[in-house]
Amino acid sequence: MSEKKKFVIEYEIKSSPRILFPFLNEPNGLAQWFADDVNIRDQVYTFIWDGEPQKAKLLIIKENKLVRFKWVEDDPQFYFEMEILQDELTNDVALSITDFATEDAIAERKLIWDNQIEYLISTLGA
């Protein structure tokens, strides 16, 4: 199996961190753009796409700043992270996504994130 590589993509989001954050960590917020449905129990989120559940453990949460998840089925060193970045001078807000994929799957994974974040932006009305 090919080794997964880390990649980071950043999206400008016209929203405040306080408004954006619940869409990154609350089941109801995540279900509006990330997955069809989301449930949480004991820091383990169950993301459901097309009736197929995938579980991810919440590793890190920093209020209005960052969430990091690890897929339960994946190796311990791999995770996906959504971090809210705010420019100190302009107050512009960006969402930084860190994820891992094999070399041949990175382009497809980035496209999936592009589509999901576009949906998030439309959900926010940003």
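The following paragraphs describe the strands, the helix packing, the main pocket and a few single residues of a predicted model.

The strands of a sheet pair through backbone hydrogen bonds, and they may do so in the parallel or the antiparallel sense. In this model an open sheet of seven strands is found, in which the order across the sheet is E1-E7-E6-E5-E4-E3-E2 and the pairing is antiparallel. At the edges of this sheet stand strand E1, residues 4-13, and strand E2, residues 37-41, each of which pairs on one side only. From one strand to the next, the sheet twists by 25° on average.

At one of these edges, strand E2 is paired with strand E3, which covers residues 44-49, and the two are joined in the antiparallel sense over five bridges. Within this pairing, Ile40 is found opposite Tyr45 of E3. The two strands form a hairpin with two residues between them, and both Asp42 and Gln43 belong to the loop that links E2 to E3. For Asp42 the phi angle is near 55°, which is a positive value in a residue other than glycine. Gln43 likewise has a positive phi, of about 65°, although it is not a glycine. With regard to the surface, Asp42 is described as exposed because its relative accessible area of 66% lies over the cut-off of 50%. Gln43, with a relative accessible area of 41%, is partly exposed.

Further along the sheet, strand E5, residues 66-71, runs antiparallel to E6, and four bridges join the two. Here Leu66 takes its place opposite Glu83 of E6. The loop between E5 and E6 holds Asp75, a residue that is partly exposed, with a relative accessible area of 40%. Between the C-alpha atoms of Asp75 and Asp42 the distance in space is 20 Å, while 33 residues separate them in sequence.

Strand E6 also pairs with E7, again in the antiparallel sense, and this pairing contains six bridges. Met82 stands across from Ile97 of E7. Strands E6 and E7 form a hairpin with six residues between them, and Asn91, which lies in the turn, has a positive phi of about 65°. Helix H4 lies across E1, strand E6 (80-86) and E7, and the direction in which H4 runs is at about 25° to that of E1.

Strand E4 contains Ile61, whose surroundings may be considered in some detail. When its neighbours within four places in sequence are left aside, Ile61 is in contact with Phe21, Asn25, Leu66 and Val67. One of these residues, Leu66, is the residue that stands opposite Glu83 in E6. Ile61 is nevertheless partly exposed, with a relative accessible area of 41%. The C-alpha atoms of Ile61 and Ile9 are 19 Å apart in space, and the two residues are 52 residues apart in sequence.

The largest pocket of the model has a volume of about 400 Å³. It is lined by 17 residues, and those closest to its centre are Trp49, Gln54, Trp71, Asp99 and Arg109. At least two residues of this lining are supplied by each of strand E4 (52-62), strand E7 (93-102) and helix H4 (106-124). It is H4 that gives the most to the lining, with four residues, and H4 is also the helix that lies across E1, E6 and E7. When the lining residues are sorted by class, nine are nonpolar, two are polar and six are charged.

Key
Residues numbered from 1 in each chain as written. Predicted model: local features only at pLDDT ≥ 70, side-chain atom pairs only at ≥ 80, totals over all residues. Heavy atoms only, no water. 1 Å grid on protein atoms, 1.4 Å probe; cavity = no way out; pocket = protein on both sides within 12 Å on 5 of 7 lines; lining within 4 Å. Points joined across faces, edges and corners; volume = space filled by probe spheres on them. Nonpolar A, V, L, I, M, F, W, Y, C, P; charged D, E, K, R; others polar. Pairing = 2+ DSSP bridges. Axes fitted to C-alpha atoms, helices over the stretch in contact; angles between N-to-C directions. Contact = heavy atoms within 4.5 Å. Buried < 20%, exposed > 50% of the residue type's maximum accessible area, 1.4 Å probe, protein only.
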